[in-house]
Amino acid sequence: MKKINLIIVLALALFACKNETKQEEVNLEANRSKSYDQNDGFTTLKGEFVYYGDAAVLQTNNEIYGVVIDHNMHQLNKQVTAYKKEATDMIPVTVRVRKFEKDTNEEGWKYRVEIKEILKVEAPDPESKDVIKLAK
């Protein structure tokens, strides 16, 4: 009788267990980049942006791009201004762009980018020591 009760209890315990799969931690940055890997010809770039005078520049880890000055660039500049301490400060951004080669008769970097979508604007790292200031 004890064996039958033990078998019934084990059977109930076994069937009562749910078939749950463990959920992995969600990496938001990976999901964000996957969601923007569309076949539309645009590229997601993460780098530092500055607009000073009449020139806009996006510097990534590997390349420096001249930015087309248009409505989207001005929108990005408005968002970036909140983080600037000086007019020449470069602010980290993530944007979707259309990348193309500049005309051969134009000055500037080899590639230019046209901002199509602003994904993220971040505060610069206050611990960064990559700024050189000249004193008189």
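**Figure 1. Burial and surface of the whole chain.** Of the 136 residues in the protein chain of this predicted model, buried residues make up 24%. The chain exposes about 11000 Å², and 52% of that area is supplied by carbon and sulfur atoms. Contacts with a separation of 6 or more can also be sorted by distance along the sequence: residues 24 or more positions apart account for 60% of them.

**Figure 2. The order of helices and strands.** Let us walk along the chain next. Its secondary structure comes to three helices and five strands. Followed along the sequence, these elements give the pattern α-α-β-β-β-α-β-β. The close-ups below visit β2 (55-59) and β3 (64-67), then β5 (residues 111-121) and β4 (residues 91-101).

**Figure 3. The hairpin of β2 and β3.** Here β2 and β3 form a hairpin, with four residues between the two strands. The strands run antiparallel and are joined by three bridges. To find your way around this view, start at L58, which stands opposite Y65 in β3.

**Figure 4. From β3 across to β5.** Strand β3 has a further pairing, with β5 (residues 111-121). In this case the sense is parallel, and two bridges connect the strands. Look for G66, whose bridge partner in β5 is R112. Both G66 and R112 appear again in the next view, among the residues that line the second largest pocket.

**Figure 5. The second largest pocket and its lining.** About 160 Å³ of space lies in this pocket. Which residues line the second largest pocket? They are D54, A55, A56, V57, G66, V67, K102, E106, E107, G108, W109 and R112. By character, the lining divides into five nonpolar, two polar and five charged residues. Strands β2 and β3 each supply at least two lining residues, and β2 gives the most, with three. The two strands of the hairpin in Figure 3 therefore return here as contributors to the pocket lining, with β2 and β3 defined as DSSP runs.

**Figure 6. T94 and its surroundings.** Our last stop is T94, a residue of strand β4 (residues 91-101). Is T94 buried or exposed? T94 counts as buried because its relative accessibility is 7%, and the cut-off for burial is under 20%. Setting aside neighbours within four places in sequence, the contacts of T94 are T44, L45, K46, I118, L119, K120 and E122. Among these partners, I118, L119 and K120 fall within the residue range of β5, 111-121.

Methods. Residues numbered from 1 in each chain as written. Predicted model: local features only at pLDDT ≥ 70, side-chain atom pairs only at ≥ 80, totals over all residues. Heavy atoms only, no water. 1 Å grid on protein atoms, 1.4 Å probe; cavity = no way out; pocket = protein on both sides within 12 Å on 5 of 7 lines; lining within 4 Å. Points joined across faces, edges and corners; volume = space filled by probe spheres on them. Nonpolar A, V, L, I, M, F, W, Y, C, P; charged D, E, K, R; others polar. Pairing = 2+ DSSP bridges. Buried < 20%, exposed > 50% of the residue type's maximum accessible area, 1.4 Å probe, protein only. Contact = heavy atoms within 4.5 Å. Areas by Shrake-Rupley, 256 points an atom, 1.4 Å probe, with all protein chains shown as cover.
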